Amino acid sequence: MPDSGTELNTIAAQTANAVAANPANAAAVFAASATAGEGVSSQVGIRSFSVTVDEPPVLGGRDTAPNPVEFYLASLLSCQVVTYRFWAERLGVTLDSLALHAEGDLDVRGFFGLDDDVRPGFTQVRVTVDVAGPDAPERYRELHDIVDKHCPVLDLTVNQTPVTTDLRIADA
């Protein structure tokens, strides 16, 4: 790993030192909250940010914002960008440009309960990564493999993540 003193390598080194000093420093908790809006829309709070989520009319929304699965694609792509940037610096790979595109196939029979054998989520997601830079193609393939191995949002997709839901019913 190059010790270039770049901002991202400095962050990675500081994190490695903090975790080495106390493994509990590796644990991070991220949170979001949502409140139902008009129709099927919602307002999602993330730290000091607010994000509106809606559906297109064909899925019961008013098309005022991206829908949850579109936000998933945005999350995947943006996480890939972050991971590409971090690992490019760690590996000393130059990225002159980086652009990603994703699309996912979803069969709405699962969401609408029309066929219990059809899953409600994406059946396949395709990501295209366009990179340019002066390094040898093998270096970009190496970077790509490492990004796919270390991208947290990609990991959420390819590995099962336990989720628990606690329903709290208000007193009448």
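Me: Buried means under 20% relative accessible area, exposed means over 50%, and partly exposed lies in between. The model is predicted. At 26% relative accessibility, what does Arg139 count as?

Reply: The buried class ends at 20% and the exposed class starts over 50%. Arg139 has 26% relative accessibility. That value falls between the two limits, so Arg139 counts as partly exposed.

Me: Which residue forms a salt bridge with Arg139?

Reply: A salt bridge needs a Lys or Arg nitrogen within 4 Å of an Asp or Glu carboxyl oxygen. Here the closest N and O atoms are 2.7 Å apart. The partner sits 3 residues away in helix 4 (residues 137-150), about one helical turn. At 32% relative accessibility it is partly exposed, and it is Glu142.

Me: Which residues do salt bridges that share partners join into one network?

Reply: Salt bridges link these residues through shared partners. The network joins Glu103, Asp105 and Arg126.

Me: How many salt bridges does a search of the whole structure find?

Reply: Side chains of opposite charge can pair when their charged atoms come close. One of the salt bridges is Arg109 with Asp115, at 3.8 Å from N to O. Arg109 is partly exposed at 37%, and Asp115 is partly exposed at 26%. The search of the whole structure finds 7.

Me: How far apart in sequence are the parts that Glu38 and Arg62 tie together?

Reply: Glu38 and Arg62 form a salt bridge, with the closest N and O atoms 3.9 Å apart. Both residues are exposed. Glu38 lies in the loop between strand 1 and strand 2, and Arg62 in the loop between strand 3 and helix 2 (68-91). The pair therefore ties together parts separated in sequence by 24 residues.

Me: Which are the edge strands of the open sheet of 3 strands?

Reply: The strand order is 1-2-3, with antiparallel pairing. An edge strand pairs on one side only. That description fits strand 1 (33-36) and strand 3 (49-53).

Me: By what angle are neighbouring strands of this sheet turned against each other on average?

Reply: The sheet in question is the open one with order 1-2-3. Direction is ignored for this angle. The average is 25°.

Me: In strand 2, what is the bridge partner of Ser33?

Reply: Strands of a sheet pair through backbone hydrogen bonds. Strand 1 and strand 2 (residues 42-46) pair in the antiparallel sense over 4 bridges. On the strand 2 side, the bridge partner of Ser33 is Gly45.

Me: Leaving aside neighbours within four places in sequence, which residues is Ala99 in contact with?

Reply: Ala99 belongs to strand 4 (residues 97-106). Ala99 is partly exposed, at 41% relative accessible area. Contact requires heavy atoms within 4.5 Å. Beyond the excluded neighbours, the contacts of Ala99 are Thr128, Val129 and Asp130.

Me: What distance separates the C-alpha atoms of Ala99 and Val81?

Reply: Along the chain, Ala99 and Val81 are 18 residues apart. Their C-alpha atoms are separated by 8.1 Å.

Me: About how much accessible area does the nonpolar surface patch with Leu114 have together?

Reply: Leu114 lies in the loop between helix 3 (108-111) and strand 5 (122-132). Leu114 is exposed, because its relative accessible area is 63% and the exposed class starts over 50%. Val69, Leu106, Val108, Phe111 and Phe112 are also in the patch. Together the patch has an accessible area of about 540 Å².

Conventions
Residues numbered from 1 in each chain as written. Predicted model: local features only at pLDDT ≥ 70, side-chain atom pairs only at ≥ 80, totals over all residues. Heavy atoms only, no water. Pairing = 2+ DSSP bridges. Helix = DSSP H or I, 4+ residues; strand = E, 2+ residues; numbered from the N terminus. Axes fitted to C-alpha atoms, helices over the stretch in contact; angles between N-to-C directions. Salt bridge = Lys/Arg side-chain N within 4 Å of Asp/Glu carboxyl O. Buried < 20%, exposed > 50% of the residue type's maximum accessible area, 1.4 Å probe, protein only. Patch = residues over 30% accessible without salt bridge, like charges linked within 9 Å, V, L, I, M, F, W, Y side chains within 5 Å. Areas by Shrake-Rupley, 256 points an atom, 1.4 Å probe, with all protein chains shown as cover.
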